[in-house]
Amino acid sequence: MSEKQKKATAYWNENLRYLTLLLGIWFAVSYGAGILFKEALDSIPLGGFKLGFWFAQQGSIFVFVILIFVYVRLMNKLDKKYGYDE
């Protein structure tokens, strides 16, 4: 395996780790907070709404948008690390 292929493989593996971590966070927030732990979270009010309801309706969307920006930042750092930046 050439050095270029090793570098590309390492880049891809690190990218997959980032994706797995970020999608895991999103899943935990959307499914966990919005469905599994809704009953427990409903005892906490947020802006006049129950927290479990808020996560089910808006919270997971907000977290997803934040994770997009986190992913962009991580990928910019990864590109610089492996020399793929412009």
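# A guided tour from Glu14 to the aromatic rings

Begin by selecting Glu14, which is located in helix α1. The model on the screen is a predicted one. Glu14 has a relative accessibility of 9% and therefore counts as buried, since buried means under 20% relative accessible area. Now display the residues around Glu14, setting aside those within four places in sequence: Leu78, Lys81 and Tyr82 are in contact with Glu14. The side chains of Glu14 and Lys81 are joined by a polar contact of 3.2 Å.

**The whole chain**

Before continuing, zoom out to view the entire protein. Three helices and two strands can be found, and from the N terminus on they follow the order α-α-β-β-α. How does the radius of gyration of the protein compare with that of a compact globule of 86 residues? The protein has 18 Å, whereas such a globule would have a value near 12 Å. Turn the model along its principal axes: the C-alpha atoms fill a box of roughly 55 × 25 × 15 Å.

Colour the residues by accessibility next. Of the 86 residues in the protein, 26% are buried. The accessible surface amounts to about 6400 Å², and carbon and sulfur atoms hold 68% of this surface. Among contacts with a separation of 6 or more, 60% are between residues 24 or more positions apart. The next stops include several residues that meet across such separations in sequence.

**Lys81 and Leu78 in helix α3**

Return to the partner of Glu14 and select Lys81, which lies in helix α3. Is Lys81 buried or exposed? With a relative accessible area of 56%, Lys81 is exposed, although its side chain makes the 3.2 Å polar contact with the side chain of Glu14. Place a distance label between the C-alpha atoms of Lys81 and Tyr11: these residues are 70 apart in sequence and 8.9 Å apart in space.

Select Leu78, also found in helix α3. Leu78 counts as buried, at 1% relative accessibility. Leaving aside neighbours within four places in sequence, its contacts are Tyr11, Glu14, Asn15 and Tyr18. For another view, label the distance from Leu78 to Gly48. These two residues are 30 apart along the chain, and their C-alpha atoms are separated by 41 Å.

**Lys7 and its two tyrosines**

Go back to helix α1 and select Lys7, which has its place there. Lys7 is partly exposed, with a relative accessible area of 34%. Which residues does Lys7 touch, not counting those up to four places away in sequence? They are Tyr82 and Tyr84. At Tyr82, the side chain of Lys7 reaches the backbone oxygen at 2.9 Å. At Tyr84, Lys7 lies over the face of the ring, at 5.2 Å from the ring centre. Gly83 may be selected as well: Lys7 and Gly83 are 76 residues apart in sequence, yet 9.5 Å apart in space from C-alpha to C-alpha.

**The aromatic rings**

Show the side chains of the aromatic residues. A pair of aromatic rings is described by the distance of the centres and the angle of the planes. How many aromatic pairs are there? The count is seven. Select Tyr11 and Tyr84 to see one of them: the pair is edge-to-face, with 4.9 Å from centre to centre and 75 degrees between the planes. Tyr11 lies in helix α1 (residues 3–36) and Tyr84 in the segment after α3 (51–82), so this pair ties together parts that are 73 residues apart in sequence. Tyr11 is buried, with a relative accessible area of 16%, whereas Tyr84 is partly exposed at 37%.

A further pair can be found by selecting Trp54 and Phe55. Their rings are edge-to-face, 5.3 Å centre to centre, and their planes stand at 75 degrees. Phe55 counts as buried, at 17% relative accessibility. Then select Tyr11, Tyr82 and Tyr84 together, which ring pairs link into a cluster.

**Last stop: Ser60**

Finish at Ser60, which is found in helix α3. Ser60 counts as buried, at 12% relative accessibility. Which residues are in contact with Ser60, once neighbours within four places in sequence are left aside? The residues to display are Trp26, Val29, Ser30 and Phe55. Phe55 is also the ring that pairs edge-to-face with Trp54.

Methods. Residues numbered from 1 in each chain as written. Predicted model: local features only at pLDDT ≥ 70, side-chain atom pairs only at ≥ 80, totals over all residues. Heavy atoms only, no water. Phe/Tyr/Trp six-rings, centres within 6.5 Å; stacked < 30°, edge-to-face > 60°. Helix = DSSP H or I, 4+ residues; strand = E, 2+ residues; numbered from the N terminus. Buried < 20%, exposed > 50% of the residue type's maximum accessible area, 1.4 Å probe, protein only. Lys NZ or Arg CZ within 6 Å of the ring centre and 35° of its normal. Polar contact = N/O pair within 3.5 Å; in protein donor to acceptor, adjacent residues only side chain to side chain. Contact = heavy atoms within 4.5 Å. Rg over C-alpha atoms; globule rule 2.2 N^0.38 Å. Areas by Shrake-Rupley, 256 points an atom, 1.4 Å probe, with all protein chains shown as cover.
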